[in-house]
Amino acid sequence: MARVRQERAEITRQAILDGAATAFDHAGFEGTSLSDVVRHAGVTKGALYFHFPSKEALARTLMDEQFQISADVPAIENPGLQTVIDLSHQMAYGLRTNVRVRASIRLVIEFGSFTNPDPTPYNTWIDTAHGCLTPAQEHGDVLPSLDVHALSTFLVGSFTGIQVTSHVRTDREDLHTRITDLWNFLLPGIVPAPRIPHFDPTGSPECRAELGLPVPTAG
């Protein structure tokens with residue numbers, strides 16, 4: 001019986017997070033009320049407060065989910081430059097298909113722009129990129145003259161700006177194309193010329209298969 005109650009509680013908690021994501025994605029943090037969350041989640045306010053004491057706690061939980069995208073990176077046998085390329089497409093896919101990802105990214109941007117900004121999500125993404133690009137540089141896939149931390153910071157800032165622009169212009173329909181453009185423009189400046197053909201700016205075949213992305217055409 002206790003296990004059944006725990007399962008029901010978790011189902012309710014996930015419904016609340018889904019409802020909060022829908023509300024935050026639509027109206028942002030300031031534009032969302034707890035009544036909005038309750039309406040989208042289909043739960044009572046009592047159930048909401050049982051799991052989350054405040055609107056900020058809901059927002060923080062959704063933003064913390066963003067850290068999960070890099071959770072598996074340490075388990076990758078040989079993380080490198082292609083890993084970062086694939087991660088950028090995985091994030092783009094999440095923004096296009098997953099309301100929780102969209103909401104959490106919107107919250108990250110909003111919380112990073114307020115009077116007391118929180119840099120934690122950005123620093124986490126930078127650290128993830130740095131953890132992949134450092135061995136890439138050691139293996140000769142990134143030019144030895146480059147500051148890998150500065151490059152990682154640039155990549156996170158570039159992705160953030162690209163996805164916002166894509167959202168405004170095309171509702172992110174062109175996001176994978178714009179991410180591919182980023183890598184096409186960037187690779188010649190950061191990778192030794194003989195190594196460039198080893199990297200696919202559209203994502204590795206495994207990444208494209210996982211996300212259901214089309215196979216790039218020659219020319």
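The exercises below, each with a worked solution, concern a predicted model.

**Exercise 1. Overall architecture**

Determine which secondary-structure elements the chain contains and how its contacts are distributed along the sequence.

*Solution.* Begin with the element count: the chain has 10 helices and zero strands. Next, consider the extent of the C-alpha trace, which spans about 60 × 40 × 35 Å along its principal axes. Then turn to burial: of the 219 residues in the chain, 43% are buried. Finally, take the contacts with a separation of 6 or more; residues 24 or more positions apart account for 67% of them.

**Exercise 2. Aromatic pairs**

Identify the aromatic pairs of the structure and classify the geometry of each.

*Solution.* A pair of aromatic rings is described by the distance of the centres and the angle of the planes. The structure holds two such pairs. One is formed by phenylalanine 24 and phenylalanine 29, with 6.0 Å centre to centre and 20° between the planes, and it is stacked. The other joins tyrosine 122 and tryptophan 125: the centres are 5.6 Å apart and the planes stand at 80°, so this pair is edge-to-face.

The surroundings of each pair may now be added. Phenylalanine 24 and phenylalanine 29 are both buried. The ring of phenylalanine 29 also has the charged end of lysine 55 over it, 4.4 Å from the ring centre. Tyrosine 122 and tryptophan 125 belong to helix α7 (residues 120–138); because they are three residues apart there, about one helical turn separates them. An α-helix has 3.6 residues a turn, so residues three or four places apart point the same way. Tryptophan 125 has a relative accessible area of 13% and is therefore buried, the cut-off being under 20%.

**Exercise 3. Enclosure of helix α4**

Establish whether helix α4 (residues 55–64) is largely enclosed or largely open, and state what covers its buried residues.

*Solution.* First list the buried residues of α4: Lys55, Ala57, Leu58, Ala59, Thr61, Leu62 and Met63. These are seven of the 10 residues of the helix, so α4 is largely enclosed by the rest of the structure. The cover over these buried residues includes α1 (2–27), α2 (34–41), α3 (45–51) and α6.

**Exercise 4. A buried serine**

Assign serine 88 to its element and name its contacts beyond four places in sequence.

*Solution.* Serine 88 is found in helix α5 (residues 81–97). Its relative accessibility is 10%, so it counts as buried. Once neighbours within four places in sequence are set aside, serine 88 is in contact with Phe159, Ile179 and Trp183.

**Exercise 5. The second largest pocket**

Describe the volume and lining of the second largest pocket.

*Solution.* The volume of this pocket is about 180 Å³. Its lining consists of Asp25, Arg102, Ile105, Arg106, Ile109, Gln163, Val164, His167, Val168 and Arg172. The elements giving two or more residues to this lining are α6 (99–111) and α8 (148–170). By residue class, the lining divides into four nonpolar, two polar and four charged residues.

**Exercise 6. Positive phi in a loop**

Compare the backbone and accessibility of aspartate 171 and arginine 172.

*Solution.* Most residues other than glycine have a negative phi. Aspartate 171, however, has a positive phi near 55°, and arginine 172 has a positive phi of about 70°. Aspartate 171 lies in the loop between α8 and α9 (175–190), as does arginine 172. As to accessibility, aspartate 171 is exposed, with a relative accessible area of 54%, whereas arginine 172 is buried at 8%.

Terms used: Residues numbered from 1 in each chain as written. Predicted model: local features only at pLDDT ≥ 70, side-chain atom pairs only at ≥ 80, totals over all residues. Heavy atoms only, no water. Phe/Tyr/Trp six-rings, centres within 6.5 Å; stacked < 30°, edge-to-face > 60°. Buried < 20%, exposed > 50% of the residue type's maximum accessible area, 1.4 Å probe, protein only. Lys NZ or Arg CZ within 6 Å of the ring centre and 35° of its normal. 1 Å grid on protein atoms, 1.4 Å probe; cavity = no way out; pocket = protein on both sides within 12 Å on 5 of 7 lines; lining within 4 Å. Points joined across faces, edges and corners; volume = space filled by probe spheres on them. Nonpolar A, V, L, I, M, F, W, Y, C, P; charged D, E, K, R; others polar. Contact = heavy atoms within 4.5 Å.
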